[in-house]
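Subject: Structure for your review

Dear colleague,

Please find below the structure that I am handing over to you. My notes on it follow, and I would be grateful if you read them with the model open beside you.

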Amino acid sequence: MPLAAPVMDARNQADPAVRTSDGSLQEAFTDLVTVVARLRDPEQGCPWDLEQTHASLVPYVLEEAHEVADAIRHGDDRHLAEELGDLLLQVVLHAQIASETGRFDLATVCAGLGAKLVRRHPHVFAAGVGDGDGPVDRPGAMPVGANRGRAGNTAAVKRSWEAIKAAERSGEPGSDQAVAPSASPLSDRLASKVRGQPSLAGAMTISRKAAAAGFEWDNIDGVWEKVAEELDELKEAIASGDRSHAEEELGDVLFTLVNVARWCDLDPDAGLAGTNHRFLERFSRVEAALGGELQGKGISELDALWQQAKAQIRAERPSQKPPAPWALEGT
């Protein structure tokens, strides 16, 4: 990590505690890389790890990222440290897989990240002119020390960051990039933005930006008509037995429902997360009522227990939520 080394050296000189921990950090990181390389050893490694590819690991990357977020939400430091380790494993494993065919390695990943962080923080690492609010020689450039620390201007930093990212996309001088002008700039920006989002959140981002650009129904009736149309197409695709087509149509239904959520100012991810929680809460009571054994039970019995669990939970926690604004229309 050559680009990060000078920054770390400066910290070490200022703080002996950092200097002490830095050695153990480097040792632990080196050990981790060695362990992952051993897991991928063709002769002595783990058969499961050797079968993995970038594509096969995608579900695990997403799962680990969500588990990190869950640990943060619950404020559990021990759990967070463990989940961050699992996420780091995915990074190291992907780099190891790429290095085996000479495409790139972990040093390439670290060096690229270090260079990008330095490039996008000119107010910290490089001298320039301007304060991030007006025209500058280099997009987002600020004088060293002009906007540092907790007393700095976060809004100016964000403007600088976005200006530098835009310069990188357009291939402006000093951006270290070379990109031809696009005939579909909004689509390109959205494609880049949703890459790092879960599919549901990405759908909401696309829906909002497209609507803001004018790609929108006249009223919500048009959205409901689209939902009905997509549902019919999904039913036809499933009846045809074409799995690929059915998945496409399922995606269309979900995307259209995201548009419903946008029109009603609802959070689809929060809604689905709440449904997951409610299902498991009710399902656990059904299981408990049957002594943990569901096999051999008829749907009528299961549904009766489900409705009973639902009523019990509702009685235990009566809803105090006010009605939504659109629910009052016409009353």
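Which residues in helix 9 meet which residues in helix 10? Before I answer, please note that this is a predicted model. On the helix 9 side, the residues are L186, L190, K193 and V194, and they meet G202, T205, I206 and K209 in helix 10. Sorted by class, this contact has 4 nonpolar, 2 polar and 2 charged residues.

The geometry of this pair is as follows. Helix 9 covers residues 185–194 and helix 10 covers residues 199–212; their axes come within 10 Å and cross at roughly 160°. Because angles over 145 degrees count as roughly antiparallel, helix 9 is roughly antiparallel to helix 10. The crossing of helix 9 past helix 10 is right-handed.

Overall architecture

The chain contains 14 helices and 0 strands, so that reading from the N terminus one meets α-α-α-α-α-α-α-α-α-α-α-α-α-α. The chain has 331 residues, of which 23% count as buried. Among contacts with a separation of 6 or more, 46% are between residues 24 or more positions apart.

A second helix pair

Helix 13 (residues 268–289) packs with helix 14 (residues 299–316) at an angle of about 120°, and their axes are 9 Å apart. That angle makes helix 13 oblique to helix 14. Here, too, a right-handed crossing is found for helix 13 and helix 14.

From helix 13, the residues F279, E281, R282, F283, R285, V286 and A289 take part, and they meet L302, L305, W306, A309, K310, Q312, I313 and E316 in helix 14. By class, the contact of helix 13 with helix 14 divides into 9 nonpolar, 1 polar and 5 charged residues.

The largest nonpolar core

In soluble globular proteins, nonpolar side chains tend to be buried together. In this model, the largest nonpolar core has 8 residues: V36, L57, V92, L93, A95, I97, L106 and C110. Two elements, helix 5 (77–99) and helix 6 (106–119), give two or more residues to this core. Helix 5 gives the most, with 4 residues.

Two buried residues of interest

H94 also lies in helix 5. Is H94 buried or exposed? Its relative accessible area is 17%, and because buried means under 20% relative accessible area, H94 counts as buried. Leaving aside neighbours within four places in sequence, H94 is in contact with H54, L57 and V61. One of these, L57, is itself a member of the largest nonpolar core.

E230 is placed in helix 11, which spans residues 220–240. With a relative accessible area of 5%, E230 is buried. Which residues does E230 touch, not counting residues up to four places away in sequence? They are E249, D252, V253 and T256. For the pair E230 and E249, the separation in sequence is 19 residues, while the C-alpha to C-alpha distance is 6.8 Å.

As you go through the model, you may wish to view the two helix pairs first and then turn to H94 and E230.

With kind regards

Notes. Residues numbered from 1 in each chain as written. Predicted model: local features only at pLDDT ≥ 70, side-chain atom pairs only at ≥ 80, totals over all residues. Heavy atoms only, no water. Core = buried A, V, L, I, M, F, W, Y, C linked by side-chain atoms within 4.5 Å. Buried < 20%, exposed > 50% of the residue type's maximum accessible area, 1.4 Å probe, protein only. Axes fitted to C-alpha atoms, helices over the stretch in contact; angles between N-to-C directions. Parallel < 35°, antiparallel > 145°, perpendicular 65-115°, else oblique. Left-handed = near helix turned anticlockwise from the far one by under 90°. Contact = heavy atoms within 4.5 Å. Nonpolar A, V, L, I, M, F, W, Y, C, P; charged D, E, K, R; others polar.
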